[in-house]
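Dear colleague,

I am passing on a structure that you have not worked with before, and I would be glad if you could look through it with the notes below beside you.

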Amino acid sequence: MLLRASSYYRSRRQTCIPMDILLRHRASQEDFIRGNMTAELREASFDLASLANTHLLKAQSLHKRIPSNGMSAFLPAVVCEKFLAKIRKLNFNIFDPHLTERNSLLPLTLLRKSWTRTY
């Protein structure tokens with residue numbers, strides 16, 4: 001997921017938010033690279049997170065069409081769902097240090113989802 005890798009891209013002086021989204025919200029690449037969370041950049045990250053959430057909901061709606069032995073391929077969607085919930089809680093601040101913290105319960109969550117064959 002692009003937003004999750006924002007600190008990696010920022011350390012390499014690259015942007016992870018597509019240019020069309022940045023231009024739509026009049027956000028600058030320099031603000032991203034410098035780590036300045038402006039209102040425009042927050043709107044751009046909200047737009048990208050909304051798009052990711054739409055894709056996630058679409059994948060979850062196709063749940064009944066997926067054979068039971070193929071469900072494990074969709075376990076990364078659990079990680080995306082947790083990250084989107086966390087970034088929503090932080091008001092779409094992609095530079096917040098709490099986003100880089102590890103979720104120690106994630107392996108247990110993945111194990112439970114794998115046993116129940118849900119994602």
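What follows is a short account of one pair of helices and how they meet.

Please keep in mind that this is a predicted model. The pair consists of helix α5, which spans residues 76-89, and helix α6, which spans residues 106-116; they pack at an angle of about 130°, and their axes lie 10 Å apart. That angle makes α5 oblique to α6, and the crossing in which α5 passes α6 is right-handed.

As for the residues that bring the two helices into contact, α5 contributes Val-78, Val-79 and Lys-82, while Leu-106, Thr-109, Leu-110 and Lys-113 are their counterparts in α6. Sorted by character, the residues of this contact comprise four that are nonpolar, one that is polar and two that are charged.

Turning to α6 by itself, you will find that its buried residues are Leu-106, Thr-109 and Lys-113. These cover an arc of only 60° around the axis, and they therefore sit on the same side of α6. It is against α5 that the buried residues of α6 pack, whereas Pro-107, Leu-108 and Trp-115, on the other side of α6, are exposed.

One last detail concerns the residue that comes after this helix: α6 is followed by Arg-117, and the phi of Arg-117 is positive, with a value near 55°.

With best regards

Conventions:
Residues numbered from 1 in each chain as written. Predicted model: local features only at pLDDT ≥ 70, side-chain atom pairs only at ≥ 80, totals over all residues. Heavy atoms only, no water. Axes fitted to C-alpha atoms, helices over the stretch in contact; angles between N-to-C directions. Helix = DSSP H or I, 4+ residues; strand = E, 2+ residues; numbered from the N terminus. Parallel < 35°, antiparallel > 145°, perpendicular 65-115°, else oblique. Left-handed = near helix turned anticlockwise from the far one by under 90°. Contact = heavy atoms within 4.5 Å. Nonpolar A, V, L, I, M, F, W, Y, C, P; charged D, E, K, R; others polar. Buried < 20%, exposed > 50% of the residue type's maximum accessible area, 1.4 Å probe, protein only. Arc of directions from axis to C-beta.
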